[in-house]
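Trainee: Could you take me through one part of this model up close? I'd like to see how a single residue sits among its neighbours, and then whatever else is worth a look from there.

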Amino acid sequence: MKIIKLTIAQGIQWVEIPDAGLRILCGCPMDSVKHLMKRGLIMPTENNGIPCETGPNAILLADVILQNGEFANLGEFPVLQMLYKQGMILPGHPNNTGQKPLLIGQAEQVNAQMQYIYRGNYGLISREEMLATGLDDTTADQMMRLKWRFAFGAIRPSRELLDCRIVGDGAVEIRNGVWIQRKGTNLYEFSYAGQSVQVDLNLKPGMRYESAYPLGYQLLPREYFAVVHAGEGDGWDVNRPGMSSILMFHGKIYLIDADPNLFYNLSSLGIGIDEVEGIFHTHAHDDHFAGITTLMRSSRKVRYYATPQVRATVEKKVAALLSIEEERFGEFFELHDLTAHVWNDIEGLEVRPVNSPHPVETTIFHFRTLWREGYRSYAHFADIVSLKLLEKMIVDDATSPGVERAYYEHVKNEYLIPADLKKLDIGGGMIHGMAEDFATDGSTRILLSHLARELTPAEKEIGSSAPHGMMDVLIPGESDFTRRRAYTFLQSTFPTIPVHHLRILVNNPALNLKPGMILLKEGEVPKNIHLILTGSVEKIRARDGYCGRISSGALIGEMSGLMGTRSRHTFSTACFVMALEIPVVMYRELVQRNGFMERILRHSEFGTFLQSTSLFSEGMSPPVMSPLLDNLTIRDIPAGEILLCRDLNRINIIRSGRIERSIAGTPVDVLESGDHFGEERAVFNTPCLFRLTAMDAVQLFQLPGHLVRDIPIVRWKLFESYRTRTMMVVHGGGKSDSFRWDGAFNIQILEMDTHHKTLLEIANAIMEILRHGEDHGSLESTFESLTDYTEYHFKAEEQLMERYAYPDLKRHQEKHRLLVQQVLEYRSQLQEQAALQQTDFKGFFTQWLVRHILNDDLQYGHFLNSKGIY
């Protein structure tokens, strides 16, 4: 057999052609390296007596940015494994033959990975970027000198470290007679010497990427101030999650970092996503970052706490992965910038972030809160550097890569500040800490973390390890935090109910339920209603292929209990769950007394349908659903009617009937009951690209965009479908008279390339309106989007050029002013034109913007590339 193919895990496959020297990791979601290690495809070995590892030398990327809400392509750790652990970049290593790791895939995904890996390697890459985060000149210079030292004196673009093969419409030779051809979305065929194999990187609906390690279930009480040890491993540990912690404060849940498989990790600890109050982020390396999408799947915005420098690095990395504007990160989180080196008070929890030496912007955290005789404290040190290595970086020349003696002493003093509990990164090597540096640390208890091995006897004399889920209680809780949550949930569900009635409901037993317990079976009439307080519950209807997940705040059995009808679903605990058990008789009596029955019946009729759709199938508790249901309207569309762009200012969910979605006269798909549309305008404030025609009589449920856009999990799902469709149009879908992204348009500045793609997207929306001669109202609103985004883009472009003192800035600004004037004049002319179908907008747009990109923007792109800006 000349081609070997193995299925490694869901969404991950392995293709090896030994005769051609190719070992291809097909699909690289989070922790793909750990999966390869567990299958023996990455193993320790030697080459000419020099230790190294086996492993892949090429990566096939998925076609799509996201699959079922999770990053589909995270090549940072596979590339690091090739470069350093295999030795492909190490000077003098026998595996350093000049052959680079290879990225294979569509142009959009390869470019995205190049940018994301660049930011993963270096973070902020210039003094100007650091100043833009608010640093002073001295600190920015100091951090750049340190960064250059970690980078061996030079920040190198990803294309100097990696090769790529772009797969388009036809077959492409990878290397040594091995060919690849794309057969469909995420479907590829490899061929060599007369043999061929196909790989499928698609995840089925509802499927998640697998965890590389098993975790047991644990029941954690909610405490006043405590630390749960959620991970002690590193990015290479096949048995444990990466270094992370969970802070409990006033019974609320705060995360420190977002490790890969965060959803699985939290579930094992009995924590639902909706319980997470906030995250403290140390830095953007994948073993502390890859789980960030889990937090985007909450029903409310999670608070994001980091210094501006760390946040900027994370924003740039997310922007690279998703091909979006950096500021869109804030659409999914409630951003809170922390001031470094001072105590920041967060509702009584004080946090002091301290800059830590690392290749990317990193902070260690000191936490404290006031107690009887002073403060109780926790220190979380991920990631740090060994003091021996840092001392070797000391240089006398204040302009050379390295650090000054005063900086070294400052870091040493910060590291040794005692705490009641301190968790340390002792991963060693070039960029991690060593336990021996803390031999004289005066902390009460020290935990040693961020490594993939057992502690040595010498390390055990300094600190200890912690099993997954172990809790250190710094201040015990004397309040019943879970019952307080019950009161809050019920109050938000019944905002006008008297306090004494709420107390009656809350004064019911709170049950601790084991994983896998069935609360209510399909076909049963419930005797009790269960209010979920912690953890999550699966909602199942197997004969329809339905399985959703609901979290805290949900009422299990409410409607069937009130009406005395049989449950349409089975509800089973997905982890340890705490639930308030309320007798149906009591609940019904209080609902009727307070006049809520009519509202509940209406909510049930509409809510049951919404929660059966993919958009609202998980994480939608009554406090989140109620505002949507209160503002839901119904619209009936007769067969054959065309929905105009100006009609699409709401999220539309099809209750019955079918709608054809098309572009340039070509059908794209057919939307049926449960499908949605309208998110372009209603949520993302961009024009609709597609023509929508009712194939039958259609009934729509319509929801206000401003309510939907503030629910992260719904916005995230809408973003995934929206990006998939727009990429299809801009990068290859549609007819030839639509604008399609061409590789020649790339100026190799991620932010500006993203802007240019959005302008092409808007231009295609205008062409669709003109193609069908829609009314002037639709055209006017879409042209307003074009002019608004153009002005936003030009302003951002000029700020970037000014930041790096682009010598031709003045002339470029004049060009921008002329272009704005031209589009406004053209827009005015169209308002007076009766026959819109005769308009040559494509000719205008090509002359107006496309030539500007090719003639002017490429020039400043080359200039900024020379400064390390990509």
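A close look at one serine

Mentor: Let's start with S244, which, leaving aside neighbours within four places in sequence, is in contact with H229, A230, G231, E232, I256, D259, N265, H380 and K423. Keep in mind as we go that this is a predicted model. S244 belongs to strand β16, which covers residues 244-249. Is S244 buried or exposed? Its relative accessible area is 2%, so S244 counts as buried, the cut-off being under 20%.

There's a second serine to set beside S244, namely S356. You'll find S356 in the loop that runs between β22 (349-355) and β23 (363-371). S356 is buried because its relative accessible area is 6%, and buried means under 20%. Outside the four places on either side in sequence, S356 is in contact with T362, T363, I364, D383, I384 and Y415. Pick D383 out of that list, since a polar atom of the S356 side chain lies 2.8 Å from the backbone oxygen of D383.

D383 deserves a stop of its own. Where is D383 found? Look in the loop between β24 (374-381) and α11 (387-392). Now check the peptide bond leading into D383 from A382: this bond is cis, with omega near -5°. That's a detail to flag, because most peptide bonds are trans.

While you're looking at backbone angles, try two asparagines. N68 isn't a glycine, yet has a positive phi of about 50°. N186 does something similar, with phi near 65°. They catch the eye because most residues other than glycine have a negative phi. Each asparagine is in a loop: N68 between β7 (66-67) and β8 (70-71), and N186 between β12 (178-184) and β13 (187-192). What about their surroundings? N68 is partly exposed, with a relative accessible area of 22%. N186, by contrast, is at 0% relative accessibility, so N186 counts as buried.

Back to α11 for a moment, because this helix also turns up around a pocket. The second largest pocket holds about 1400 Å³ of space. It is lined by 49 residues, and those closest to its centre are L80, Y84, P359, M430 and I431. Which elements give two or more residues to that lining? They are α2 (76-85), α3 (107-122), α5 (137-150), α11 and α13 (457-460). Of these, α2 gives the most, with seven residues. By residue type, the lining divides into 27 nonpolar, ten polar and twelve charged.

Follow α3 out of that list and you come to L124, which is found in the loop between α3 and α4 (127-132). L124 has 0% relative accessibility, so L124 counts as buried. Not counting residues up to four places away in sequence, L124 touches R119, E129, M130, T133, K147, Q309, A312, T313, K316 and E361. To see how distant parts of the chain come together here, take V314: V314 is 190 residues from L124 along the chain, but their C-alpha atoms are separated by 9.7 Å.

M752 gives you another case of that kind. M752 lies in helix α23, residues 750-771, and is buried at a relative accessible area of 0%. The C-alpha atom of M752 is separated from that of L800 by 9.6 Å, with the two positions 48 residues apart along the chain. L800 is also one of the residues M752 touches, together with I747, H793, A796, E797 and Y860, again not counting residues up to four places away in sequence.

Last stop, the cysteines, since you'll probably want to know about disulfides. How many disulfides are there? The count comes to zero. Take C26, which is in no disulfide: the nearest cysteine sulfur belongs to C28 and is 10 Å away, whereas a disulfide calls for sulfur atoms within 2.5 Å. C26 is at 0% relative accessibility, so C26 counts as buried. C52 is buried as well, with a relative accessible area of 8%.

Note on methods. Residues are numbered from 1 along each chain as its sequence is written. This is a predicted model: local features need pLDDT of at least 70, side-chain atom pairs count only at pLDDT 80 or more; totals for chains, interfaces and linings use all residues. Side-chain values use heavy atoms; hydrogens and water are left out. Buried means under 20% relative accessible area, exposed over 50%, partly exposed in between (1.4 Å probe, protein chains only). Helices (H or I, at least four residues) and strands (E, at least two) are DSSP runs, numbered from the N terminus. Contact means heavy atoms within 4.5 Å. A polar contact is a pair of N or O atoms within 3.5 Å; within protein, one must be able to donate a hydrogen and the other to accept it, and residues adjacent in sequence count only if both atoms are side-chain atoms. On a 1 Å grid over the protein atoms alone, a cavity is a set of points where a 1.4 Å probe fits but cannot get out, and a pocket is an open set with protein on both sides within 12 Å along at least five of seven lines; lining residues have an atom within 4 Å of a point. Grid points are joined across faces, edges and corners, and a volume is the space filled by probe spheres set on the points. Ala, Val, Leu, Ile, Met, Phe, Trp, Tyr, Cys and Pro count as nonpolar, Asp, Glu, Lys and Arg as charged, and the others, Gly among them, as polar.
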